[in-house]
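Trainee: I would like to request a close look at a single part of this model. Please begin with one residue and work outwards from there to its surroundings.

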Amino acid sequence: MGRPVNHSDSNVWHGTTILCVRKGTTTVVAGDGQVSLGQSVIKSGARKIRRIGDGGIIAGFAGATADAFTLFERLEAKLERHPGQLARACVELAKDWRTDRYLRRLEAMMAVADVKVSLVVSGTGDVLEPDDGLIGIGSGGNYALAAARALIDFEDLDAEAIARKAMAIAAGICVYTNESLTLESVSEP
């Protein structure tokens, strides 16, 4: 029997930064590439962002890698059952995540977005939509989120530029975040 998941444990979310920026008709999800094991960097170019569903949904994860892949697969199955309904699919995933004995042990968090909505999904049953369209998760998430909030009102910066600048700021502060970025975007037609 493994240790129970304690979502307040600071070690659960170490090792990544995911940022979602929604500005105008474009949404960008960015993730750093660093994978750490304790105090060591194991990999610097990992992809923690992926397109799911029909390609119109972007998901990023913070937490244990194998757990994240399980969650991506589960979310894709929910999207097949509820096509075009990202919020509903995320609520169904969160219900399963909270109640299923296997899923309850997963140590990860997800940021998901399509052209209409950006959501944080957690194992505590939360499906949260921020008021400002900005999401930051992972060990450097709050740094990236604060930087994005400071940059969002600059008219000369689009969503991608804000994401790049905010992630660079987070990488300069958080030792578990690097500057090797993966960015994916979706735009309204």
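Mentor: The residue chosen is I137, which counts as buried because its relative accessibility is 4%, where buried means under 20% relative accessible area. The model is a predicted one, and the description that follows should be read accordingly.

I137 belongs to strand 10. Apart from residues up to four places away in sequence, I137 touches T16, T17, I18, G60, F61, A62, M109, M110, A111 and V120. Several of these contacts can be placed on the strands. Strand 1 covers residues 17-23, strand 6 covers residues 57-63, and strand 7 and strand 8 cover residues 108-113 and 118-122. A further pair gives a sense of scale: I137 and T65 are 72 residues apart in sequence, and their C-alpha atoms lie 15 Å apart in space.

I137 also has a place in the second largest pocket, whose volume is about 260 Å³. The lining of this pocket comprises 15 residues, and M109, G136, I137, N142 and L145 are those nearest its centre. Of these, M109 is also one of the contacts of I137. Two elements, strand 10 (134-138) and helix 3 (141-151), each contribute at least two residues to the lining. Strand 10 gives the largest share, with five residues. Sorted by class, the lining consists of nine nonpolar, five polar and one charged residues.

The next step outwards is the sheet that contains strand 10. This is an open sheet of four strands in the order 10-1-2-11, paired antiparallel. Strand 10 and strand 11 (181-187) are its edge strands, each pairing on one side only. On average, neighbouring strands here are turned by 10° against each other, direction ignored. Strand 10 is joined to strand 1 by five bridges, and the two run antiparallel. Within this pairing, V21 stands opposite L134 of strand 10. Helix 3, already met in the pocket lining, packs on this sheet and touches strand 1 and strand 10, with its direction at about 160° to that of strand 10. Helix 4 (residues 159-173) lies across strand 1, strand 2 (26-32) and strand 11, and runs at about 150° to strand 1.

The contacts of I137 with G60, M109 and V120 lead to a second sheet. This open sheet has five strands in the order 5-6-7-8-9, again with antiparallel pairing. Its edge strands are strand 5 and strand 9 (127-128), each of which pairs on one side only. At one edge, strand 5 (residues 49-52) and strand 6 run antiparallel and are joined by four bridges. I49 stands opposite G60 of strand 6, and G60 is itself among the residues that I137 touches. The hairpin of strand 5 and strand 6 has four residues between the strands, and G53 takes a positive phi near 65° there.

Further along this sheet, strand 7 and strand 8 pair in the antiparallel sense over five bridges. V112 has L119 in strand 8 as its bridge partner. Strand 8 also contains S122, which is buried because its relative accessible area is 5%, a value to be set against the limit of 20%. Neighbours within four places in sequence aside, S122 is in contact with W97 and M109. M109 is thus a contact of S122, a contact of I137 and one of the residues nearest the centre of the second largest pocket. Helix 2 (residues 86-99) lies across strand 6, strand 7, strand 8 and strand 9, running at about 10° to strand 8.

For contrast with this region, a separate strand pair may be added. Strand 3 (residues 35-37) and strand 4 (residues 40-43) pair in the antiparallel sense over three bridges, with V41 of strand 4 as the bridge partner of S36. These strands form a hairpin with two residues between them, and in its turn G38 has a positive phi of about 65°. Leaving aside neighbours within four places in sequence, V41 is in contact with Q34, V35 and S36. V41 and T26 are 15 residues apart along the chain, with a C-alpha separation of 33 Å.

How values were computed: Residues are numbered from 1 along each chain as its sequence is written. This is a predicted model: local features need pLDDT of at least 70, side-chain atom pairs count only at pLDDT 80 or more; totals for chains, interfaces and linings use all residues. Side-chain values use heavy atoms; hydrogens and water are left out. On a 1 Å grid over the protein atoms alone, a cavity is a set of points where a 1.4 Å probe fits but cannot get out, and a pocket is an open set with protein on both sides within 12 Å along at least five of seven lines; lining residues have an atom within 4 Å of a point. Grid points are joined across faces, edges and corners, and a volume is the space filled by probe spheres set on the points. Ala, Val, Leu, Ile, Met, Phe, Trp, Tyr, Cys and Pro count as nonpolar, Asp, Glu, Lys and Arg as charged, and the others, Gly among them, as polar. Two strands pair if DSSP finds at least two bridges between them. Axes are lines fitted to C-alpha atoms, for helices over the stretch in contact, and angles run from 0 to 180 degrees between N-to-C directions. Contact means heavy atoms within 4.5 Å. Buried means under 20% relative accessible area, exposed over 50%, partly exposed in between (1.4 Å probe, protein chains only).
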